Amino acid sequence: MKMRMILKNKAKNKLKFNVFTKKNYFIFLISLFIVSIIFGFIFFYILNNTGKEEIINNVNSYFTIGDSYDYLNMLLTNLKNNFLNCFIIWLLGISVIGVFIIIFLYFIEGFSIGFVIASIIYSFKFKGIIGSFFYLFPSKLLYIIIMFILTFFGIKFGYELVKNIIKKEEQTLNISFKKYLKILCFCLILSILCSFLETFINPFMIKAFTFLLK
């Protein structure tokens, strides 16, 4: 009976540790993403007028869809880029040093989003808020989710990798790797969906926004 209580308490402590750790990862990544977006906003507004004008021209080009838009070529390009990003981030999670690079890439993604949203709002004023929504929804939002999942589990796997190497628990490491591999497969499936949305829905969203500007 006493042994059962000891085992039960150990199981509870382990569960609490796992939940606490995952909660910490989640809070850290959400906080980091918010901070990176704010940094992107600030960086845009401290640019000089010449720099802002160049960015505005790029924004106007983004919201322009030509008649020569090649859906097939764009789909293949988006698939290649999204798959490559997934593989790179996933592979970085296998090494301890790579985890820091993942966090840096995650920060850069949030920074670029904040920078772009700031430039859209600066270019189109109040309508820029609507333009920012069209920019984010739906493909960019899904891509952010993919980045979050890969970063979250990349950090988690990196932590488990160090822990298992120190404790020399090879079997536990194999189980963790299989789970991490499943995360890659899941994110690749999401990347396919993201690529289709980016190719076929984004042009419609851009045309809808340009219609509102008239």
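Let's start in helix 6, where Glu160 and Lys156 sit four residues apart, which means that about one helical turn separates them. These two form a salt bridge, with the closest N and O atoms 2.7 Å apart. Keep in mind as you look around that this is a predicted model. Are the two partners buried or exposed? Glu160 has a relative accessibility of 18%, so it counts as buried, the cut-off being under 20%. Lys156 comes out at 16%, so it is buried as well.

Glu160 also has company from another helix. Ser176 has its place in helix 7, and Glu160 is among its contacts, along with Phe157 and Asn164, once the neighbours within four places in sequence are left aside. Ser176 itself is buried, with a relative accessible area of 10%.

How many salt bridges does a search of the whole structure find? The answer is two. Besides the pair in helix 6 that we began with, there is a salt bridge between Glu109 and Lys140, and here the closest N and O atoms are 3.3 Å apart. This one links distant parts of the chain, with Glu109 in helix 4 and Lys140 in helix 6, 31 residues apart. Both of these residues are buried.

Lys140 is a handy signpost to our next stop, the largest pocket. About 520 Å³ of space lies in there. The pocket is lined by 25 residues, and the closest to its centre are Tyr62, Tyr135, Lys140, Glu198 and Asn202. So which helices supply at least two residues each of the lining? They are helix 2 (49-62), helix 3 (71-92), helix 4 (96-124), helix 6 (139-167) and helix 7 (170-213). As for the character of the lining, its residues divide into 15 nonpolar, seven polar and three charged.

Let's pause at Glu198, one of the residues closest to the pocket centre. You'll find Glu198 in helix 7. It has a relative accessible area of 27%, so it is partly exposed. Leaving aside the neighbours within four places in sequence, Glu198 is in contact with Tyr69, Asn78, Asn82, Ser139 and Pro203. Now pick out Leu79: its C-alpha is 9.7 Å from that of Glu198, although the two residues are 119 apart in sequence.

Thr77 offers another pairing of this kind. Thr77 lies in helix 3 and is partly exposed, with a relative accessible area of 29%. Along the chain, Thr77 and Thr199 are 122 residues apart, and their C-alpha atoms are separated by 9.4 Å.

Now for the rings. The structure holds 24 aromatic pairs. Take Phe39 and Phe107: their ring centres are 6.0 Å apart and their planes stand at 70°, so the pair is edge-to-face. Phe39 belongs to helix 1 (residues 2-45) and Phe107 to helix 4, so the pair ties together parts that are 68 residues apart in sequence. Phe39 is partly exposed, with a relative accessible area of 47%. Phe107 counts as partly exposed too, at 22% relative accessibility.

Phe124 and Phe209 form an edge-to-face pair as well, measuring 5.2 Å centre to centre with 85° between the planes. Which parts does this pair tie together? Phe124 lies in helix 4 and Phe209 in helix 7, so the pair joins parts that are 85 residues apart in sequence. How accessible are these two rings' residues? Phe124 counts as buried at 15% relative accessibility, and Phe209 counts as buried at 1%.

Finally, look for a group of rings rather than a pair. Phe43, Phe44, Tyr45, Phe111, Phe115 and Tyr122 form one aromatic cluster.

How values were computed: Residues numbered from 1 in each chain as written. Predicted model: local features only at pLDDT ≥ 70, side-chain atom pairs only at ≥ 80, totals over all residues. Heavy atoms only, no water. 1 Å grid on protein atoms, 1.4 Å probe; cavity = no way out; pocket = protein on both sides within 12 Å on 5 of 7 lines; lining within 4 Å. Points joined across faces, edges and corners; volume = space filled by probe spheres on them. Nonpolar A, V, L, I, M, F, W, Y, C, P; charged D, E, K, R; others polar. Salt bridge = Lys/Arg side-chain N within 4 Å of Asp/Glu carboxyl O. Buried < 20%, exposed > 50% of the residue type's maximum accessible area, 1.4 Å probe, protein only. Contact = heavy atoms within 4.5 Å. Phe/Tyr/Trp six-rings, centres within 6.5 Å; stacked < 30°, edge-to-face > 60°.
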